[in-house]
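Here is a friendly tour for anyone meeting this structure for the first time. Take a moment to look it over, and then we can walk through it together.

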Amino acid sequence: MSDPMVSAPAVGDPATAAPTPKRMGADVVVGVPLGGRAGAAVHWAAAEARDRGVALRLVHGLVVPRGGYPGRSFVGVDAEQGLFLLARQELREMRLVARDVAPDLPIVEDLVESDPVAVLRAQARVASLLVLGSDGFGRLGELALGRTTRGLAGEVPVPVVLVPHHCDARARERAEGHAPVVVGDDGSEGCREALGFAALRAESRGAPLVVVRAGKDVRLLGEDVPELGSARPADVRVVLAEERADRVLADQARDAELVVIGVGEHGRLRHRRPQTRPGLVRRATCPVAIVPPGTGGGSRAAR
């Protein structure tokens, strides 16, 4: 069966290679690294795009070494050509993963010769979500993921979703769309968008909303349900715990379909200790959405 929509890989400046809003609409964009490490992220993103009725865009930003360097040519094979071949093969393989999830899903492949963060920033201008995978390569992988996430979360106008490599890809299907949505709330301004995003998602899916407040001063926040904007989830529960936020969020999200956190005014991830986000991604068994300010509750992004 032929694909409903597949583009030829684009090579060039990330800004000019990004699709126009008219063409892309609110596509779900997923970053695809080399090495077969994006399978869980592509599976989740494909299901998300299918449920939203939009296209899935598989994107790889390729950094090609320039000038002379060891190994530039080996037995007649140019390293630059080899990198492009590997990247195209990776995109093809991830398209098969997406096609297994949603056979009729429109899929676009973009191969852009530029820094991956710059490429994904350009794509985010016309996307509804950016999806990344955690590669499961331990601390080294976390450092690479952290660099990419810092370059995107709070710097792009759409939520960034991190999908752990150990994520149960079929949990959402088994829950028939009713698995809980978990959101962190530390009482700050940066959490308002996350609360609105999570509440809209829970309402649209008929799923419970679990609001987590954690840390030493959690009792100051109380047990009242926070302001959720226009969303009215059928079931809202507030959890208080004096433990570290990443541990509490991961524990509450064990059977969830998504855990949501916010971004501070200056782009810092809100949960106050720097280790919260990598700790959460390492422990979570479901995707983690980082919601930026200024999305108005993210009605388009949260659905």
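## A buried charged pair

Let us start with Arg 57, a buried residue whose relative accessible area is 1%. Keep in mind that this is a predicted model. Which residue does Arg 57 form a salt bridge with? The partner is Asp 27, and the closest N and O atoms of the two are 3.8 Å apart. Asp 27 has a relative accessibility of 4%, so Asp 27 counts as buried too, under the 20% cut-off.

Arg 57 belongs to strand 2 and Asp 27 to strand 1, so their salt bridge ties together parts that lie 30 residues apart in sequence.

## The sheet

Those strands take us to an open sheet of 10 strands. Reading across the sheet, the order is 5-2-1-6-7-12-11-8-9-10, and the pairing is mixed. Which strands stand at the edges? They are strand 5 (107–112) and strand 10 (236–241); each has a single partner strand, so one side of each is left without a neighbour in the sheet. From one strand to the next, the twist averages 25 degrees.

For a closer look at one pairing, find strand 6 (residues 127–133) and strand 7 (residues 160–163). These two run in the parallel sense and pair over four bridges. Within this pairing, Leu 130 has Val 160 of strand 7 as its bridge partner.

## Helices across the strands

Helix 3 lies across several strands: strand 1 (27–31), strand 2 (56–61), strand 6, strand 7 and strand 11 (258–262). The angle between helix 3 and strand 6 is about 160 degrees.

Helix 5 (residues 116–124) also lies across a set of strands, namely strand 1, strand 2, strand 5 and strand 6. With strand 2, helix 5 makes an angle of about 150 degrees.

## Two nonpolar cores

In soluble globular proteins, nonpolar side chains tend to be buried together. Here the largest nonpolar core has 52 residues, and those with the most contacts inside it are Leu 56, Leu 58, Val 131, Leu 209 and Val 260. Which helix gives the most to this core? Helix 3 (residues 39–52) does, with eight residues.

Leu 56 makes a good place to explore. Leaving aside residues up to four places away in sequence, Leu 56 touches a set of residues including Val 28, Val 30, Ala 45, Ala 49, Leu 105 and Ile 107. Another core, of 35 residues, lies apart from the largest one; among its members are Val 112, Leu 120, Leu 132 and Ala 253.

## More salt bridges

How many salt bridges are there? The count comes to 14. One of them joins Arg 52 and Glu 48, with the closest N and O atoms 2.9 Å apart. Both residues lie in helix 3, four residues apart, which is about one turn of the helix. Arg 52 counts as buried at 8% relative accessibility, and Glu 48 is buried with a relative accessible area of 0%. The two are also part of a network of salt bridges that links Glu 48, Arg 50, Asp 51, Arg 52, Arg 201, Arg 205 and Glu 257.

A further salt bridge brings together the side chains of Arg 213 and Asp 185, at 2.9 Å from N to O. Arg 213 sits in strand 9 (residues 209–214), while Asp 185 sits in the loop between strand 8 (181–184) and helix 8 (190–205), so this pair ties together parts 28 residues apart in sequence. Both Arg 213 and Asp 185 are buried.

Note on methods:
Residues numbered from 1 in each chain as written. Predicted model: local features only at pLDDT ≥ 70, side-chain atom pairs only at ≥ 80, totals over all residues. Heavy atoms only, no water. Core = buried A, V, L, I, M, F, W, Y, C linked by side-chain atoms within 4.5 Å. Buried < 20%, exposed > 50% of the residue type's maximum accessible area, 1.4 Å probe, protein only. Contact = heavy atoms within 4.5 Å. Pairing = 2+ DSSP bridges. Axes fitted to C-alpha atoms, helices over the stretch in contact; angles between N-to-C directions. Salt bridge = Lys/Arg side-chain N within 4 Å of Asp/Glu carboxyl O.
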